[in-house]
Amino acid sequence: MKAIEAKNLSFKYYGNKNNILSSVNFYANYGEITLLSGNSGEGKSTLLSLICGIIPNIIRGDIDGDILIDGISIKGRKLSEVCRRVGIVLQNADNQIIHKIVEDEIAFGCENFAIPTDKISEQIDRVCTIMEIDKNKQTRTLSGGQKQRLITASTLATGQKILVLDEPLANLDGESAKLLMDTLCQLADAGYAVLVAEHRLDMVLPFVDNVWNICLGQVVKVENKQQYLQSQIVKIFDESEKFTNVKELFKINNLAFKIKKQDILKNIDFPIYKGERLLLLGENGSGKTTLLRLLARLNMPTKGNIEQYLIPKISEHYHGKKWFKRVGIVYQNPNYQLFMPTVQKEIEFNAQSKEYASQIMEMFGLEHLKNRHPQSLSEGQKRRVSIAAVVAGNPEVLLLDEPTVGQDYKSLCELVNVLNKLHKKIGNTMITITHDMRCAEALCDRAVLIEDGIIKQQGDKDFVCRYFMKKSEKSL
């Protein structure tokens, strides 16, 4: 039975001349997992927002055609009415989290649905067990992947039989991704309709029943999943020479960080060398982002210190303009650093010159978006803009937190190649966090594995390959 059906659906955003979607005919059935795939910016999130009633209730635009939920048109329906039937997990988990405690966050949706109090407690325990998340944790202490699991748990708790997930694997490590997809399979077997938009095809395709591809405003059903996967994969070549520099840029000494009584990092000791590409590996919540923030001086350690040889004779607590001219950080959530009215102005803001900003836009494939407002872009496009805006300043240290999230295979390859090209040209020190096995080796000279807040292992590209192979085998 069809849970979702789009009939001759066309849409363009308010003020835009061109359609994002044109005469789309699409469906998703109960008892199945349906994948919506396609390149960044093609309209996946737009279609999901239409299905969930976010468009036109919150975001304005011109709609032709119809969307049916359980065979009934949602045209003219309030968002609250649609949400009674359709639960959604957005790309950006931070946009959906309201409460300070995990338990309260999950309870919030249940209370809005007037679920009895004793039933709410049961639901909280059930979904926290399913998603392996501690109901007593503070939401602000969660990693990006843990926040994604929290929002998924909150959606499961409210009990809608139609679930829509927009890039749910984006910030998840391999085990967490496998956990989520196994859970979605169980729900589909129990009669749920599950619709997923996702770029990490190698991780999601084995679990889905039907695949639809969106391109140039059209949505077409894919008949051969394996052939489709192969057509999307582009090999990433890393032509970098073997790294040999042993000049220290940072020296991390007995570093620790805690929030209240929770230890995030414990007794971290290792050097970072000038000009290297360092990869930080580890599961969600292991402390990788915290270490990146400590290196950037956005947080101060609760114990130990980080010696730096970047700017001599400055205080270890200094984190002003002089520091951030030399150290650039790209956050996991691009919305935190996009604030200018156009993409062009965003990249020019920190650039050495307008000419160089133009070169950077061309390198990152952003020229056609230069007059768009950054917040109007897809999450994948926002990610590229946020990276381009930081590298336009040619920082000597580039800190990247999950830079490839939201990138289709082609965009992923282009992004990695540009980062490596700039690294080779400028000689910057590049420190990257990623769960994406598609690009990890190509962004790495050396890797550090963090587990439970400590350095567990270190190694080279071969170590990275073995790490992801082991994770992949464990997930099967």
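Q: How many salt bridges does a search of the whole structure find?
A: The search finds 15 salt bridges. The structure is a predicted model, and every value discussed here is computed from that model.

Q: Why is the contact between arginine 85 and aspartate 70 called a salt bridge?
A: A salt bridge requires a side-chain nitrogen of Lys or Arg within 4 Å of a carboxyl oxygen of Asp or Glu. The closest N and O atoms of arginine 85 and aspartate 70 are 2.8 Å apart, so the pair satisfies the cut-off of 4 Å.

Q: Which parts of the chain does the pair of arginine 85 and aspartate 70 tie together?
A: Arginine 85 belongs to the loop between helix H3 (79–83) and strand S6 (86–89), and aspartate 70 to the loop between S4 and S5. The pair therefore ties together parts that are 15 residues apart in sequence.

Q: What makes arginine 85 and aspartate 70 count as buried, partly exposed or exposed?
A: Buried means under 20% relative accessible area, and exposed means over 50%. Arginine 85 has 43% relative accessibility and therefore counts as partly exposed. Aspartate 70, at 22%, also counts as partly exposed.

Q: How do you know that aspartate 238 and lysine 461 form a salt bridge?
A: Their side chains meet at 2.6 Å, N to O, and the cut-off is 4 Å. The pair links distant parts of the chain, 223 residues apart: aspartate 238 is in the loop between helix H9 (225–232) and strand S11 (248–259), and lysine 461 is in helix H16 (residues 461–475). Aspartate 238 is partly exposed because its relative accessibility is 24%; lysine 461 is partly exposed because its relative accessible area is 26%.

Q: What makes the pair of aspartate 445 and arginine 277 a salt bridge, and are the two residues buried or exposed?
A: The N to O distance between their side chains is 3.0 Å, which is set against the limit of 4 Å. Aspartate 445 lies in the loop between strand S17 (429–433) and strand S18 (446–451), whereas arginine 277 lies in strand S13 (residues 277–281), 168 residues apart. Both aspartate 445 and arginine 277 are buried. Through salt bridges that share partners, Asp238, Arg277, Asp445 and Lys461 are joined into one network.

Q: Why are S2 and S5 called edge strands of their sheet?
A: The sheet is open, and its four strands have the order S2-S1-S4-S5 with antiparallel pairing. Strand S2 (21–29) and strand S5 (72–73) each have a single partner strand, so one side of each is left without a neighbour in the sheet.

Q: How do you know that S1 pairs with S4, and S4 with S5?
A: Two strands pair if at least two bridges are found between them. Eight bridges join strand S1 (residues 2–13) to strand S4 (residues 61–69), and two bridges join S4 to S5. Between S1 and S4, glutamate 5 stands opposite leucine 68, and alanine 6 has isoleucine 67 as its bridge partner. Leucine 68 also stands opposite serine 73 in S5. S4 and S5 form a hairpin with two residues between them, and aspartate 70 in the turn has a positive phi of about 55 degrees.

Q: What makes S12 and S14 the edges of the sheet of three strands?
A: The order in this open sheet is S12-S11-S14, with antiparallel pairing. Strand S12 (262–273) and strand S14 (303–308) each have a single partner strand, so each has one side without a neighbour in the sheet. The twist averages 15 degrees from one strand to the next. Five bridges join S11 to S14; lysine 251 has glutamate 307 in S14 as its bridge partner. Helix H10 (residues 288–296) lies across S11, S12 and S14.

Q: Why is valine 102 called buried?
A: Buried means under 20% relative accessible area. Valine 102 has 0% relative accessibility and therefore counts as buried. Valine 102 is in helix H4 (residues 102–112), and the residues touched by valine 102 include Cys128, Ile133 and Leu150.

Q: How do you know that the span of helix H15 is close to the expected value?
A: Helix H15 (residues 409–426) has 18 residues and reaches 26 Å from its first C-alpha to its last, close to the 26 Å expected at 1.5 Å a residue. Just after H15, glycine 427 takes a positive phi of about 80 degrees.

How values were computed: Residues are numbered from 1 along each chain as its sequence is written. This is a predicted model: local features need pLDDT of at least 70, side-chain atom pairs count only at pLDDT 80 or more; totals for chains, interfaces and linings use all residues. Side-chain values use heavy atoms; hydrogens and water are left out. Buried means under 20% relative accessible area, exposed over 50%, partly exposed in between (1.4 Å probe, protein chains only). Contact means heavy atoms within 4.5 Å. The expected span of a helix is 1.5 Å times one less than its number of residues. Axes are lines fitted to C-alpha atoms, for helices over the stretch in contact, and angles run from 0 to 180 degrees between N-to-C directions. Lists of a residue's contacts leave out its neighbours within four places in sequence.
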